[in-house]
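Please walk me through this structure, one local feature at a time. Keep it brisk and stay with the geometry.

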Amino acid sequence: GRPPSAGPLDAPAEEFSASRARRVQERLFAGNLPHPIGSLEHAAVRERVVDELRGLGLAPEVQEVVACSPEPICATVRNVVARIAGGRSSGPAGAGSGAVLLATHYDSVAAGPGASDAGASVAAVIEIARALQHFPAGAALGRDVILLIDDGEEADLLGAEGFLRHPWFG
């Protein structure tokens with residue numbers, strides 16, 4: 001009836017560690033400031049996310065696209081996407097490729113810093129990516145893993161809407 005205890009900072013490299021994820025969260029959202037879509041702090045958080053992924057040896061991209069919701073609410077969103085190759089990599093990983101998608105968002109509402117929504121999940125996705133990079137030699141992932149840290153979720157899921165037009169989606 002209890003959740004598992006948080007993995008320590010010195011947990012084996014191939015294991016997820018909530019303590020390491022917490023450190024990532026502290027680096028990404030150090031100022032504990034609101035970072036709504038289009039703000040200067042929002043751009044700074046995005047750059048820190050990109051830097052964290054690069055630090056893992058990944059090649060993150062920023063997908064810039066205008067997206068609109070049914071409301072209609074429209075905005076230019078900047079999604080951060082990265083890919084970890086798996087054992088079944090064969091060309092572009094579209095919807096039919098069987099890739100696994102890990103998705104969260106990095107924007108906050110204007111009234112709050114977004115520490116739990118979705119700062120904790122951004123840190124968790126980055127920690128998962130770090131652990132996947134340390135799989136034992138010869139233990140390849142069965143599928144590609146696509147990381148989507150999207151934008152504009154608080155403005156009616158605009159980043160997710162924009163990702164539908166990314167080549168990795170389909």
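Is Ser108 buried or exposed? Ser108 is buried, because its relative accessible area is 2%, where buried means under 20%. Bear in mind that this is a predicted model.

Start with the setting of that serine. Ser108 sits in the loop that runs between β3 and α3. Its side chain has polar partners on the backbone. A polar atom of the Ser108 side chain lies 2.7 Å from the backbone nitrogen of His35. The backbone oxygen of Gly112 is 3.0 Å from a polar atom of that side chain. Leaving out residues up to four places away in sequence, Ser108 touches Pro34, His35, Pro36 and Ile37. On that list, too, are Pro113, Gly114 and Glu154. His35 therefore appears twice, as a contact of Ser108 and as the owner of the backbone nitrogen at 2.7 Å, while Ser108 itself is buried.

Follow the loop onward to the helix. Helix α3 covers residues 115-132, which is 18 residues. From its first C-alpha to its last, α3 reaches 24 Å. That is close to the 26 Å expected at 1.5 Å a residue. Which residues of α3 are buried? They are Ala118, Gly119, Val122, Ala123, Val125, Ile126, Glu127, Ala129, Arg130, Ala131 and Leu132. Note that Glu127 and Arg130 are among them. The buried residues of α3 pack against two helices, α1 (18-28) and α2 (40-55). They also pack against the strands β2 (74-84), β3 (100-105) and β4 (145-150).

Now turn to the cysteines. A search of the whole structure finds one disulfide. Cys68 and Cys74 form it, with their sulfur atoms 2.0 Å apart. The link is right-handed, with 115 degrees about the S-S bond. How accessible are its two ends? Cys68 has 34% relative accessibility, so it counts as partly exposed. Cys74 is at 47% and therefore also counts as partly exposed.

The aromatic rings come last. The count comes to one aromatic pair. Phe163 and Phe169 form that pair, edge-to-face. Their centres are 6.0 Å apart, and the planes meet at 75 degrees. Phe163 is buried, because its relative accessible area is 4%. Phe169, at 35% relative accessibility, counts as partly exposed. A charge also sits over a ring: Arg83 lies over the face of Trp168, at 4.9 Å from the ring centre.

Conventions
Residues numbered from 1 in each chain as written. Predicted model: local features only at pLDDT ≥ 70, side-chain atom pairs only at ≥ 80, totals over all residues. Heavy atoms only, no water. Disulfide = S-S within 2.5 Å. Buried < 20%, exposed > 50% of the residue type's maximum accessible area, 1.4 Å probe, protein only. Helix = DSSP H or I, 4+ residues; strand = E, 2+ residues; numbered from the N terminus. Expected span 1.5 Å × (residues − 1). Contact = heavy atoms within 4.5 Å. Polar contact = N/O pair within 3.5 Å; in protein donor to acceptor, adjacent residues only side chain to side chain. Phe/Tyr/Trp six-rings, centres within 6.5 Å; stacked < 30°, edge-to-face > 60°. Lys NZ or Arg CZ within 6 Å of the ring centre and 35° of its normal.
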